[in-house]
Amino acid sequence: MEAVPRMPMIWLDLKEAGEFAFNAAVKKSAVSVPRDFEGCSTLRKYLGQLHFLQSRIPMGSGQDAAVPVTWTEIFSGKAVTHEDIKYEQACVLYNLGALHSMLGAMDKRVSEECAAGAFTYLRDHFPHSYSVDMSHQILSLNINLMLGQAQECLLEKSMLDNRKSFLVARISAQVVDYYKEACRALENSETASLLGKIQKDWKKLVQMKIYYFAAVAHLHMGKQAEEQQKFGERVIYFQSALDKLNEAIKLAKGQPETVQEALRFTMDVIGGKYNSAKKDNDFIYHEAVPALDTLQSVKGAPLVKALPVNPTDPAVTGPDIFAKLVPMAAHEASSLYSEEKAKLLRDVMAKIEAKNEVLDQFMDSMQLDPDTVDNLDMYNHIPPVLMEKCAALSVRPDTVRNLVQSMQVLSGVFTDVEASLKEIRDLLEEDEAQERKLQELLGRVPPAPGSPPGLAEVSKECSKYLELHEKASFTNTELHRAMNLHLGNLRLLGGPLEQVRAALPAPSLSEDDKQVLQNLKRILGKVQEMRDQRTSLEQQLREMIQKDDITTSLVTTDRSEMKKLFEEQLKKYDQLKVYLEQNLAAQENVLKALTDANVKYAAVRKALAEVEHKWNTTVQTLVASYEAYEDLMKKSQEGKDFYTDLEGKAAKLLERARAACQASEAHRQQLLERELKKQPPPRPTAPKPPLQKKPLDEAGGPEAAELGSLVLSELPEELRSLPPELLPGPLGQLPPPALAALA
């Protein structure tokens, strides 16, 4: 992914300045800045000097020295005028953020954090009623866009640096979180009406990026699972990445070629990863593929932040050109009061953040999501992914029959090949047995000349075919096992939907269980209500501090009375502090009630988790059976082709084996006859008195023994051990007892 083409980024237009009764040269240099970092520096200097001017001369709204300030509103193009120097500051600050966004969208891809910092300072320190383009909603949108794009730049660098997969996944997940916040703002009807036609373009690009970077996050989670040898998890993460990327592709219609190129590149990467992982798991690892929602969610790692803006930083603003216009005592007193307000805010925020941290850790340990704690409704419907498979099989009613027939044909060809190879092997073994028998009869290895050719070749070729058959036999067995595994599921998917729904597990809760569940949901609602109230009170406090300006009072107050004035002014925050303290104190009781409810919920949770696991497993199994059908058909056809070819070769080899074995048998007979002819004729002996002729069945008597001894003495030594059927003349007619006597 390190070579993936870059995605385009959103940048903002700069506001155009109008009337402002200020030095013309200063004004021109501040509003006509170059579109580079030098322009950013000029805007910062101008902003700082405006701040110095405003702290000394009453140029604010309704003050004596206020003058008209005019700027063009970006979305409508209308000129907006306010008699308030803070309006000039706000517009300059907006342009600072917009210019940083413009520079950040260029190839260097820096400056988004600066843009986010400028918009954050503008949102938190200036009124939101100046113009539409500086409303709270628009500024919050801009901040999230800039933070998202800054995190996106960090993601690019992390992939180029080959950081660990889990870290890259978390960085990408945070990009998604920022863009989701921006998308929520874009979907707000009020924001949409403010933005006008640009809203649709931004929303489409942001939605596409949400799915795209979610796909990148799950791609790297899959790579981490691969590193940990969790092959089932690897498949589901890569599958999820592929699904999200397909959604991004759908939303990318009309986007520039750079976007299409990035999507095509990423599809090649994710598609290849998914296909390889699925194939390996199906045929090698056989690990169960878990449901995505049973795995731990990828939490974003926010590694970027809005860089703070300090309008009075001398390193940025340069010397204070208005230093002599206003007594520094009032300015110093105002700064001291601002520090008191900041101290108050820090103290309150420290308490809020401490409680929030405890609450977040507690909720993480509980693993209770109010949106998913009660998911009973999903059991009332067949999931869309399963409906899709059922619909596909409904228009292919012969699916199961075709698969069974294909496997039957494969089995028939397999059996024929096995029978042919067995017959060949039996012929060869029989021939070897006859050869050994001949060697035993002759007492030596028969001479080779004249032996029939072909048996060695037949034996070698038979061994090769047997080896091929043995290897293919394992694959054939696995193929039949896979077919038997999926056949029932395919029949179920092709049947009525009622049967499919009945096959999916469903929970069975008692009335007590339902009551426990409702009580838990009620308390979780209280937790969320407490969070919302805390956020609202914090926002009220911030806004109140932001609007609290006592400069006028400070000018007329004696220096010795400043501390007392501060104390009196800070009392206005007491009521909000009380409300916040009450909210924070209530957390302990709410969490205790949640703990008790969770204890009662444990048994119900376990039962629901088991049912959900079975439900997900069943759905995945059925989907896997559907997806395995085409693969089974393809492999069965490949098996048929292989065995058909092997059957033809085995049949030809069988004919050759029969012919070679017959030739070998004839050759052995010839050898035996030649050996018998080579023996010398019997030596002449003195005439013997004629023996009385007796029937052969009485050959066990002395006459037979005598005859046997006479004849045996005349036989060559190497022929005396031959069996009767191979002996010449009268010896071949002797019964076994007589031959035994010869020995």
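**Exercise 1. Compare the span of helix H5 with its expected span.**

Helix H5 (residues 136-160) has 25 residues and runs 36 Å from its first C-alpha to its last, close to the 36 Å expected at 1.5 Å a residue. The expected span of a helix is 1.5 Å times one less than its number of residues. Helices here are DSSP runs of H or I with at least four residues, strands are runs of E with at least two, and both are numbered from the N terminus.

Some ground rules come next. This is a predicted model, in which local features need pLDDT of at least 70, side-chain atom pairs count only at pLDDT 80 or more, and totals for chains, interfaces and linings use all residues. Residues are numbered from 1 along each chain as its sequence is written, and side-chain values use heavy atoms, with hydrogens and water left out.

**Exercise 2. State whether H5 is mostly covered or mostly open, and describe what follows it.**

Step 1. Start with the cut-offs. Buried means under 20% relative accessible area, exposed means over 50%, and partly exposed lies in between (1.4 Å probe, protein chains only).

Step 2. Apply them to H5. This helix is mostly covered, with 20 of its 25 residues buried.

Step 3. Look past the end of the helix. Asn 162 follows H5 and has a positive phi, near 55 degrees.

**Exercise 3. Describe the protein chain as a whole.**

Step 1. Count the elements. The protein chain has 22 helices and three strands.

Step 2. Take the buried share. Of the 743 residues in the protein chain, 41% are buried.

Step 3. Take the surface. About 40,200 Å² of the protein chain is exposed, and carbon and sulfur atoms supply 54% of that. Accessible areas come from the Shrake-Rupley method with a 1.4 Å probe; for residues, only the protein chains shown count as cover.

Step 4. Look at contacts, meaning heavy atoms within 4.5 Å. Among contacts between residues at least 6 apart in sequence, 82% join residues at least 24 apart.

**Exercise 4. Find what Gln 49 touches far along the sequence.**

Step 1. Place the residue. Gln 49 sits in helix H2 (residues 37-54). It counts as buried because its relative accessible area is 11%.

Step 2. List its contacts, not counting residues up to four places away in sequence. Gln 49 touches Thr 317, Gly 318, Pro 319, Asp 320, Ile 321 and Phe 322.

Step 3. Check one distance. Gln 49 and Thr 312 are 263 residues apart in sequence, yet 8.1 Å apart in space, C-alpha to C-alpha.

**Exercise 5. In helix H10, decide whether Asn 281 and Phe 283 are buried or partly exposed.**

Step 1. Locate both. Phe 283 is in helix H10 (residues 257-285), and Asn 281 is in H10 too.

Step 2. Classify them. Asn 281 has 4% relative accessibility, so it is buried. Phe 283 has 42%, so it is partly exposed.

Step 3. Add their surroundings. Leaving aside neighbours within four places in sequence, the contacts of Asn 281 include Phe 231, Val 235 and His 286. Phe 283 joins Ile 284 and Tyr 285 in a nonpolar surface patch, with about 300 Å² of accessible area together. Patches take residues with over 30% relative accessible area and no salt bridge; like charges are joined within 9 Å, and nonpolar side chains (Val, Leu, Ile, Met, Phe, Trp, Tyr) within 5 Å.

**Exercise 6. Trace the salt bridges.**

Step 1. Recall the principle. Side chains of opposite charge can pair when their charged atoms come close. A salt bridge here is a side-chain nitrogen of Lys or Arg within 4 Å of a carboxyl oxygen of Asp or Glu. The whole structure holds 22 of them.

Step 2. Follow helix H20. Arg 658 and Glu 423 form a salt bridge (2.6 Å, N to O). Arg 658 lies in H20 (residues 574-677) and Glu 423 in H14 (residues 399-442), so this pair ties together parts 235 residues apart in sequence. Glu 461 and Arg 656 form another salt bridge, at 3.0 Å, N to O. Glu 461 lies in H15 (residues 455-493) and Arg 656 in H20, so that pair ties together parts 195 residues apart in sequence.

Step 3. Contrast a pair within one helix. Arg 542 and Glu 538 meet in a salt bridge at 3.2 Å, N to O. They are separated by about one helical turn because they are four residues apart in helix H17 (residues 511-547). Arg 542 is partly exposed, at 32%, whereas Glu 538 is buried, at 18%.

Step 4. Finish with a network. Salt bridges link Glu 226, Arg 234, Lys 273 and Asp 280.
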